[in-house]
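Thanks for coming. I will go through one structure today, sheets and helices for the most part, and then the contact between the chains.

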Amino acid sequence: MVIASRRTLLKGAGALALAGAIGAPARVRAEGKVLKIGQLGVMSGPEASWGLVNKFSCLATAEMWNAKGGVEIDGELYRVEIVSVDDRNDPKLTVSGAERLTGEEGIHYFVGPNMDTTATSVRPIAEKNKAIYIPYAFARTVYTPPAENAILGMIASYQVAPVMYKILKEERGVGKVAFLARNDSDGLLQRDEASKVAKNLGLEIISSDTYEPSITDFFPVVANAVSASPDLIIMSSVAPAHCPQLMRAAREMGYTGLFAAESAQDIKIIKEVAGEYGDGLVSIGGASTPEIRSAYMEDFIEKYNAVAGEWNDEAGTKAYALEMLLGTLQKTGAAGISDIEIFKKAIPDFSMKNPFLKEEAALTYVGMADFGQKRQIGVPMVITETKGGEFTTLAIGKVES
Amino acid sequence: MEQILVNGAILAANYALIALGITLIFSIMNVLNFAHGQMFMLGGLLVYWLVVQIGLPYAAALIGATIIVGVIGMAFEVFFFRQVMRNSTREENTMLLAVGTALLLENAALSLFGEKQRGVPPIVSGVYKLGDAFLPANRAFVFGVSVVLIVAVLLFVNYSRTGRAMRALAQDRTATLLMGVNTARVSTLGFGLGAALAAVAGGLLITVSGVNAGVGTAISTKAFIMIMIGGAGVVSGALLGAVALGFIEAFGYAYLPGSLTYLMIFVALIIFLLIRPQGIMGKPWG
C-alpha cells in the first residue's frame, strides 16, 4: 500500500512536470505575437557554409531583436522566429522546402536559396503561395519582370566586377587575366559576365579553365593558368573552402600576381589553409572590416559568435537580409506580414539608416539598372584585399539604384 | 610534362591510401563502405582539432586521429555491420547501412567542427624545382609518408599472421573459419585498419588542401572509381586504380578543358566496365 501510494505520487509528479513542460511554451506563445521568417538553403555538403552563414545571420539578428522584446510593428511587439530548411543544394529539396515554409508553416518571407538552380526552382512556389524570398544567386531572370517575388540579397558578380577590375587595372597595372571557374551554372554565369567586363575594360584574357565542384586537389588545375603568367587570376563563384586551396596551389607553382573573387570569403579559412600564401586576394566583403563597422555590427558579430561558435566574414554580406525584411515590415504595418503586395508597394520608397556602418548611410532597395525594378538590397559594395592575414578595405562603392 | 608527371605521382600516392582502406573493407567484409570518404574527413578534422585546439604536435595528432577513427571503424563493424549481416541475407542492406553511417558521420562532423574548411600549417615549407616542375616540400613530405605507409600495409597484409588471416578471409570465409581463425576478430581488425587508412590520408592531406565536413562524398566517389578500375577487393588493384586515376587526372587537367576531365573519366569507366567488369586485377568469379 505504501509502495502503491509512492508510485501514485511519483506518477502524479511526473505528469505535473510533463504538463508544465508542455504547457509553458504554450503560455509564452500566447503572451506575444510571433513573426515567422523562413531560411532555405544549402546547409550540408561542400557548399554548407553558404546556407549556414545565412541561417546563423538570421538567428543572430532575430536574437538581437528578441532581446529588445521583439520587432515593433503597428505598436505591437513580434518575437522573431526563424524556421530553417536544408535543401542540400538539390532543386528538388528546395522546392519541397519552399512548399513546407510557405505552405505548412504559412510563412510569407524567407531568406535563400543560395544557388542559381535552387533560386530559379522556387519561383513557382513563391508565386503560388505569395511569398517574398531573398536569394543569394545572381541569375538576372530571377529578379527581372515578370518575376517580382525575389530580392537579391547581396552584390552580384557582374556589378562588382567593373569596379574591381577598373581599380586593379588603374592602380595595380593588371593587364592579363586568367579565369578559373567552378563548373556549375553559377560559376559559368559569373565567368561569362566577368569576361565581358574584362574585355570592355581592355584586359587580355589569356586562359579560361574550369574545375568540378567536387574537386579535392587544385594543384593540377591551376598549372595551366599559372604557366600563362597572368597578372590576375579571377576565381568565378569560388567557394570559401576552395579559394585558399586554389591560392596556395598557384603560389606554390611560383605565381606572384593577384587573385580576385566576386563572392565573399572568410579570413580564418584563408589563414588556416593558404597560410603564408594568403595575401593578394581582392574580394567582396560586407560591413565586417573594423574600420567601417558600427557598434550595432559589433553586437551582431557577438551574437553571431554565440549562435555559430565562431565568426565568419561571409556574414558581413548576409547580415542585411533579415534587417531589411523587418525594417520594411515595420513600414508596411501588420497587414504586410500576410500580404506581400503591400510589401512590394513599399519597396520603391523604402529607406532606413544602415545600422551596420559607422558612417551615416541609407539602406534602400536598388536594382533598376540591372533588373528594371528594385529587387536588390542596396548592400554597400565593400571591396577588400587580404594583407598580413587580415581583410583590409580597398574601396567602398554602391550599386546604381 | 615534368609538372604533369609530378602532379600525377602526388595524386596517385594520396589516392592509394584511400583506395587501400576501402578495398580492405570490401575484400574482408564484402561491404561497400560508402562512409569511407567521411572517415577520411573525420581523420582530417580530428588532426585539426588536436593540433589547433588542443595544441598537440602534428605527429601525435596524426597518430591520435588514426587510432580514434580506427576504433570508430571497429565499433561500426561490431555494433552495426555484423548485426545487419547476421540478420539479413540481402547485400543491399549493408550498403544502406553504410550510407546511413556516412550521413551520421557527416552531420556529426558538421555539428562538432562547423561548416568551414579546416587546415593546419604545412609540416615543411618551401618548394623544390624538378626540371621545369614545381614540387612543394609539404607535398613531397606527404608523398613520402604515403609511400612508407603503403609499403607498411602491404608488408602487414602479406607477411603478418593477422594480415594472412585477412587475405584468407577475403578468399574464402568458410575455409578460414574451418582453419580455426577467429573471423569475427579479423573482420573487426580489417574494418578498423581500413578506417584508419582513410583517417591517415585525411590527416596528411589537411596539411595540403584542408578538409571540410562535406568533402566525404567526393572522396568516396574517387575511391569507388579507383577500385572499379583496379578490381574491387584486390590490394594490388587498388594501388593500380590509384595510380591510373592520379595520372589520368593530371593529364586530363593539362590537356582537356577542366569540365571535360571527369566527364571523360566516367565515360571511359563505363566503357571499361562493359569490357572488363571485374577491373584490371579482379577475377571474373569475384
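**Loops, sheets and helix packing**

I start in a loop of chain A: A:P113 is found between strand 4 and helix 4 (116–121) of chain A. The peptide bond leading into A:P113 from A:G112 is cis, and its omega is near -5 degrees. Keep in mind throughout that this is a predicted model.

There is another cis peptide bond, from A:P145 to A:P146, with omega near 15 degrees. A:P146 sits in the loop between strand 5 and helix 6 of chain A.

Staying with backbone geometry, A:K130 has a positive phi, near 55 degrees, although the residue is not glycine. A:K130 is placed in the loop between helix 5 (123–128) and strand 5 of chain A. A:S237 is also a non-glycine residue with positive phi, near 55 degrees, and A:S237 lies in the loop between strand 8 and helix 9 (243–252) of chain A.

Now the sheets. Strands 4 and 5 belong to an open sheet of five strands in chain A, with the order 2-3-1-4-5 and mixed pairing. Which strands stand at the edges? They are strand 2 (71–73) and strand 5 (132–134) of chain A; each has a single partner strand, so one side of each has no neighbour in the sheet. On average, neighbouring strands here are turned by 35 degrees against each other, direction ignored.

Strand 4 (residues 109–111) of chain A pairs with strand 5 of chain A in the parallel sense, over three bridges. Within that pair, A:V111 has A:I134 in strand 5 as its bridge partner. Helix 13 (residues 320–332) of chain A packs on this sheet and touches strand 1 (33–41), strand 2, strand 3 (76–86), strand 4 and strand 5 of chain A. The direction of helix 13 makes about 30 degrees with that of strand 2 of chain A.

Chain A also has an open sheet of seven strands, order 7-6-8-9-10-14-15, again with mixed pairing. Its edges are strand 7 (204–211) and strand 15 (390–397) of chain A, and because each has a single partner strand, one side of each is left without a neighbour in the sheet. The average turn between neighbouring strands is 25 degrees in this sheet, direction ignored.

At one edge, strand 6 (residues 176–182) of chain A and strand 7 of chain A run parallel and are paired over seven bridges. One example is A:F179, whose bridge partner in strand 7 of chain A is A:S208.

Two helices to mention on these strands. Helix 8 (residues 219–227) of chain A lies across strands 6 and 7 of chain A, at about 170 degrees to strand 7 of chain A. Helix 6 (residues 157–172) of chain A lies across several strands, including strand 6, strand 8 (232–236) and strand 14 (381–387) of chain A, and runs at about 45 degrees to strand 14 of chain A.

Helix 6 of chain A also meets helix 7 (residues 185–200) of chain A: their axes come within 9 Å and cross at roughly 35 degrees. The crossing is right-handed. From helix 6 of chain A the contact includes A:Y158 and A:Y165, and from helix 7 of chain A it includes A:E193 and A:V197. By class, the contact residues of these two helices are seven nonpolar, two polar and one charged.

On to chain B. Helix 3 (residues 58–87) and helix 4 (residues 91–113) of chain B have axes that come within 9 Å and cross at roughly 150 degrees. The two helices of chain B are therefore roughly antiparallel. Their residues in contact divide into nine nonpolar, three polar and no charged.

Helix 1 (residues 2–29) of chain B packs against helix 10 (residues 235–255) of chain B at about 145 degrees, with the axes 7 Å apart. That crossing is right-handed, and its contact has 20 nonpolar, four polar and one charged residues.

Last, the interface. How many residues of chain B are in contact with chain A? The count is 38, and they contact 38 residues of chain A. Together the chains bury about 3,100 Å², with 52% of it on carbon and sulfur atoms. B:E115, B:K116 and B:Y253 supply 22% of the area that chain B buries against chain A, more than any other three residues.

How values were computed: Residues numbered from 1 in each chain as written. Chains lettered and ligands numbered in written order. Predicted model: local features only at pLDDT ≥ 70, side-chain atom pairs only at ≥ 80, totals over all residues. Heavy atoms only, no water. Pairing = 2+ DSSP bridges. Helix = DSSP H or I, 4+ residues; strand = E, 2+ residues; numbered from the N terminus. Axes fitted to C-alpha atoms, helices over the stretch in contact; angles between N-to-C directions. Contact = heavy atoms within 4.5 Å. Parallel < 35°, antiparallel > 145°, perpendicular 65-115°, else oblique. Nonpolar A, V, L, I, M, F, W, Y, C, P; charged D, E, K, R; others polar. Buried area = accessible area lost by both parts, 1.4 Å probe. Left-handed = near helix turned anticlockwise from the far one by under 90°.
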